[in-house]
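Reader: I am new to this structure and would like a close look at a single part of it. Could you take one helix and follow its residues outward to whatever they meet?

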Amino acid sequence: MKFQGSQQYIATQDLMLAVNAAATLKRPLLVKGEPGTGKTMLAEEVASSLGLPLLQWHIKSTTKAQQGLYEYDAVSRLRDSQLASVDASEKVKDIRNYIVKGVLWQAFTAEQPVALLIDEIDKADIEFPNDLLREIDRMEFYVYETRELIKAQHRPLVFITSNNEKELPDAFLRRCFFHYIKFPDADTMRAIVDVHFPGLKKELLAAALKTFYDVRNLPGVKKKPSTSELLDWLKLLVAEDIPLEALQSKDDKVAVPPLVGALLKNEQDVTLFEKLVFMQKHNR
């Protein structure tokens with residue numbers, strides 16, 4: 001089975017090639033790109049397109065690699081051992097009752113092949129990727145409490161996303177197929193918008209895209225608006241019935257767009273944009 005895009009997700013040719021290459025090599029696909037460029041959605045759409053169940057592991061700053069394998073709930077076992085009931089006593093004897101299976105364990109022991117998303121791996125500490133090297137490479141891990149080796153029945157299709165907040169170790173990178181999702185150009189963006197707003201007037205879309213790329217290309221912008229923020233902005237423009245004239249300036253110069261809070265998310269960028277408009281109006 002090969003991924004060829006979907007009606008809900010506009011995938012470029014190089015992105016489809018990357019997904020299929022990772023599947024052929026049986027290596028995780030490491031996907032980087034600006035926030036809001038569809039990295040997480042890629043895993044969801046590939047899984048849906050190929051008919052694979054999707055298991056998701058969303059990484060936080062406090063996440064440890066061990067949690068993806070399993071966790072031993074010693075506190076619950078201690079509490080149950082202190083109870084006088086016969087049922088609790090029988091339960092305590094079997095340590096397996098206190099092993100909590102992680103996402104990797106579930107993926108390895110699934111009865112059918114699955115897709116596995118490890119989302120925003122760069123949020124965790126620097127040792128996190130190294131701690132998963134053996135498990136992702138060999139598709140197995142050892143449970144010390146029960147003295148058993150868990151091996152993958154089927155190799156999952158693994159997606160790993162990163163926002164480049166931290167550098168990933170070289171040893172980890174060697175085990176992945178890498179793809180960087182470039183920010184969509186205007187033609188690709190039109191196709192993406194058409195999926196979400198199929199009836200949008202061409203004139204309104206053209207004016208909105210011009211404003212959107214003007215904002216993105218403004219030198220010094222700290223947080224450039226993403227694809228998802230463009231879609232939010234278009235949704236507001238349609239909901240509020242903003243006229244086309246509000247997006248166009250007579251002299252074709254940059255103007256502060258309506259509902260700009262959907263695109264610019266901090267006061268420095270808003271101030272910078274307002275200064276540019278003021279300078280243009282005064283021909284400076």
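Author: Asp214 and Lys210 are four residues apart in helix H11, and are therefore separated by about one helical turn. In this predicted model, their side chains meet in a salt bridge, with 3.0 Å from N to O. Asp214 is partly exposed, with a relative accessible area of 27%, and Lys210 also counts as partly exposed, at 37% relative accessibility. The spacing of this pair fits a general feature of such helices: an α-helix has 3.6 residues a turn, so residues three or four places apart point the same way.

Helix H11 covers residues 202–216, and Thr211 has its place there too. Thr211 is buried, with a relative accessible area of 8%, which is under the 20% that marks a buried residue. Leaving aside residues up to four places away in sequence, Thr211 touches Trp233, Leu247 and Pro257.

A further salt bridge of this helix reaches well along the chain. Arg216 pairs with Glu34, and their closest N and O atoms are 2.9 Å apart. Because Arg216 lies in helix H11 while Glu34 lies in the loop between strand S1 (29–33) and helix H2 (39–50), the pair ties together parts that are 182 residues apart in sequence. Arg216 is buried, with a relative accessible area of 7%, whereas Glu34 counts as partly exposed at 23% relative accessibility. These pairs belong to a structure that holds 11 salt bridges.

Helix H11 also receives contacts from helix H10. In H10, which spans residues 186–196, Met189, Ile192 and Val193 are buried. Seen down the axis of H10, the buried residues fall within an arc of 100°, so they line one face of the helix. The buried residues of H10 pack against H11 and also against helix H12 (227–239).

From helix H12 the picture can be carried on to another charged group. Glu229 forms a salt bridge with Lys223, the closest N and O atoms being 2.9 Å apart, and Lys223, Glu229 and Lys265 are linked in a network of salt bridges. Within this network, Glu229 counts as buried at 8% relative accessibility, while Lys223 counts as partly exposed at 28%.

Technical notes: Residues are numbered from 1 along each chain as its sequence is written. This is a predicted model: local features need pLDDT of at least 70, side-chain atom pairs count only at pLDDT 80 or more; totals for chains, interfaces and linings use all residues. Side-chain values use heavy atoms; hydrogens and water are left out. Helices (H or I, at least four residues) and strands (E, at least two) are DSSP runs, numbered from the N terminus. Buried means under 20% relative accessible area, exposed over 50%, partly exposed in between (1.4 Å probe, protein chains only). Contact means heavy atoms within 4.5 Å. The arc is that of the directions from the helix axis to the C-beta atoms. A salt bridge is a side-chain nitrogen of Lys or Arg within 4 Å of a carboxyl oxygen of Asp or Glu.
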